[in-house]
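Hello,

Here is the structure for your files. My notes on the two binding sites follow below it.

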Amino acid sequence: MSLLAHLNEQQRAAVEPGRGVFLVRAGAGSGKTRVITRRIAHLIAHHKAEPSSIVALTFTNKAANEMKERVAQLAQTTTTPAIGTFHAYCLRLLKTNRHLLALPDFTIMDEDDRDKLIQKIVSAAGFNKQISSNAVSHALSNAKNQSATGSINFSLIDHPVIQDLCMTYEKERKLAHCLDFDDLLIETIALFKNNPSFRTSYQSFVRHVLVDEYQDTNLVQHALLRFMTCDNQGIFALDSLCVVGDEDQSIYSWRGATVHNILEFSKDFPQTVSLVIEQNYRSVQPILSLANEVINNNASRLPKNLWSERKGKDRIRLVKMASDRHEADLVARLTSFLKKFHPGESCAVLYRSHHQSRSLEEALLRHSLSYKIIGGIQFYERQEVKDLLAYLRLAVNPYDRVSFSRIYNAPTRGLGAKFEELFFEVWSQEPLLPFNAIAQKLIDSGAIAGAKKNSLVAFCELFSFIAKNNPTPTAALELIVQKTEYLSYLSNAFDKSIALEKIENVRELASAVQAAEDRGCTSLEAFLNEVALVQDHASKADRDDGLQLQLMTYHAAKGLEFDTVVLAGLEDGLFPTARSLDIPASFEEERRLLYVGITRARERLLMTHAQQRYVFGRVTQQIASRFIEELPKALAPHEDGSQWAPFNTDRFLETWLTGNTSSFSNPSSLPQAPKFTRSSFTWDAEPFKLSKERKENLDHQGYTPSRATSTFTTPPNTPLGPKASSSWRPFQTVQHKSFGVGVIKEIEEKSGGVINLTIHFSCGIKKINASFVSPHQK
DNA sequence: ATTACTTCACTTTTT
DNA sequence: GTGAAGTAAT
Ligand SMILES: Nc1ncnc2c1ncn2[C@@H]1O[C@H](COP(=O)(O)OP(=O)(O)OP(=O)(O)O)[C@@H](O)[C@H]1O
């Protein structure tokens, strides 16, 4: 039976039985995910379980997709089990049982929408200056992530004012017929809790549940799992439940995850069969040894001894580079060599935070290497895409105030802050009406007239047209773009290159809508739901040239594996992040993050850190990560590459990858830059230090860094008009039309002969263009 | 109301 | 280096 092949004893114990509760607690790469996928396939093939009676939950979309693929390979069925993230599955349950909900026609707010609403509430309450909306957002999410009873527990918020603001948020959210991400879980719990008969029928339908990465579930998710799997008396009521996880890989405590859930699992599920695996099948032994050494430094930890049969020598490198650019160049050169010596293998560069991808991207582009970035600023988070989605959302849900706020003046149609104030004041008096009813009221009462009225009428007509004709998603989007003249708005409001990019994104959105429609997503609502939880958008530009290079954060890499892994930016303050340094629990979580990173590697591991790096637009000296001291020298020899020219980097990499020092050769794919001699070129983090020849070099390779362009287009001899500055001097008394008489404090001369004066008026200090003031005559 | 510009605070990590 | 927020000017 091939489904049980290549499983060890413990894995088999969790895969084979058709009934029971199983908990697999095992280290990284020990085959936990394999247990899940094989178990699904085995349930279908051997126990004849209906695929639709199986639910498998994961943490990230990427993990869910990976699991879908693996299961599809193992089980050839027409219907597929429900495999998805907690959030996606909850959305599905809520939508298919909407008749049981208080808000059957909700739409989903993403984090951005939610923060915007909070911001509005904070400033409307006049706490603008005292309370940051971040703090409110944080407190709210915290409370929601611990509210396991189907409604938010506001008493979890200590600060009385913040508590109040959160209550207002909840009220507004409900009036807008919206759910945020956290609500998806809470409302699903409420669905089970308030409808015992639904729970019973659900459990006659769903018989098997599996959860991956259980160490990263929070209280809400754990409670939800109990509602899904236990009957109204709290007795386990399904055929089987299988959860797997590794407490050493718990990296989501900031979003309420608690290892308690996995460590105390059998308290809530007394019939649990606990299984432990200590063999790692993924990594070669040196990499695993390094991971073990690192994680051993965590004090609060259950001891474990992971081992691997996979031997290997000389698999780890740790290198100090001069700067972020130098580091990125090393990564790009490594990629070139991997393409040459290990084509068809996978490689990932991991970093602590998304902004680190920038320098890496630039280097990869310079070397004409293809790559894929996972996460970061996503397609569906782009301003123009969000605008158009907000139109679609408002069409589906005319109560959605957040979407209305977003688009009532995008594109600009002469309706500004005053209008918004008036509109929402009337709306708060009639909170149960949709936006178009409020608009009608304002027009009827004459409060909005003239040009404003016309804009508002046109805006509303667009939506009534959609409501009346119920067009397909494609047609609706097309209509919106056309009627709002969205494309010409983009080309007028933005610089040409930016506008073109945005227009391209609009096109891409149109094709995404079309693709969804072709997939059978024929209603606007279905499309919006599909989009809401997946910010990732399969881009057509994913070129495949042998090596798959992916860039992502440690968090996004959870559960994945790659032949070669690069851990970039091992620097104090970056990784471990500055915020974790004085909080022992956070610091240990950072270390677990490193453990996760190391254990992603099958064959090779390269760790790098830079001496200086661009941080907030400034060159900053960086200190090597304190984690580096925890790496045994024998396992990870520390090289100083900070003085390396490209030639040295190549030699280092080739020696490492081939074990061959003598036959050094340049792979032809590497761009050679003969002008990069040691004396004329440095790897400073500062990008503007590029020499002119170097810039031309880059141009020849078809890539011009955008920042450099502006630097070099500054005309060397700015045409200066008559020395106008001579007519102004400090302490001179001057006159301004609206500010009256003042005294000059500072004189600045800008390019083009423009002079700005900083003037002390009786009403305060202002900065004024000199052409608006005249010398004061007594 | 909109624009064009300056200043400022900010960056963990995901659904 | 970026995006929000504030401000001077049309
Ligand atoms: N019994 C086995 N024999 C051989 N290879 C195995 C076995 N079990 C799993 N593997 C392989 O080991 C690798 C790691 O497995 P898997 O991803 O399931 O581990 P995991 O425990 O889920 O890892 P992580 O904790 O990092 O998520 C995979 O490449 C898988 O194919």
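Arginine 255 places a polar side-chain atom 2.8 Å from a base oxygen of DNA strand B. The model is predicted, and the distances here are computed from it. Two further polar contacts to DNA strand B go to other parts of the strand. Threonine 85 has a polar side-chain atom 3.4 Å from a sugar or linking oxygen, and glycine 414 uses a backbone N or O atom, 2.9 Å from a phosphate oxygen. Helix 18 (417-429) and helix 25 (554-557) are the elements that contribute two or more residues to the surface near the strand.

In total, 32 residues are around DNA strand B, and those that come nearest are Glu111, Arg352, His354, Gly416 and Phe616. Of the strand atoms within 4 Å of the protein, 51% belong to sugar and phosphate. By class, this surface has eight nonpolar, 16 polar and eight charged residues.

Now the ligand. It is surrounded by 19 residues, with Lys32, Thr33, Arg34, Glu561 and Arg600 the closest. Ligand oxygen atoms lie 2.5 Å from a side-chain N or O atom of lysine 32 and 2.5 Å from one of glutamate 561. A ligand nitrogen is 2.8 Å from a side-chain N or O atom of glutamine 11. The protein buries 87% of the 630 Å² that the ligand exposes when taken alone.

The ligand occupies the second largest pocket. Helix 2 (residues 32-45) gives the largest share of its shell, three residues. Domain 1 (9-102 + 183-279) and domain 3 (316-370 + 544-658) both supply shell residues, so the ligand lies between them.

Regards

Conventions: Residues are numbered from 1 along each chain as its sequence is written. Chains are lettered from A and ligands numbered from 1 in the order in which they are written. This is a predicted model: local features need pLDDT of at least 70, side-chain atom pairs count only at pLDDT 80 or more; totals for chains, interfaces and linings use all residues. Side-chain values use heavy atoms; hydrogens and water are left out. A residue is near a molecule or strand if one of its heavy atoms lies within 4 Å of it. A polar contact is a pair of N or O atoms within 3.5 Å; within protein, one must be able to donate a hydrogen and the other to accept it, and residues adjacent in sequence count only if both atoms are side-chain atoms. Accessible areas come from the Shrake-Rupley method with a 1.4 Å probe; for residues, only the protein chains shown count as cover. On a 1 Å grid over the protein atoms alone, a cavity is a set of points where a 1.4 Å probe fits but cannot get out, and a pocket is an open set with protein on both sides within 12 Å along at least five of seven lines; lining residues have an atom within 4 Å of a point. A molecule sits in a cavity or pocket if more than half of its atoms lie within 2 Å of its grid points. Helices (H or I, at least four residues) and strands (E, at least two) are DSSP runs, numbered from the N terminus. Domain bounds come from an automatic or database domain assignment. Ala, Val, Leu, Ile, Met, Phe, Trp, Tyr, Cys and Pro count as nonpolar, Asp, Glu, Lys and Arg as charged, and the others, Gly among them, as polar.
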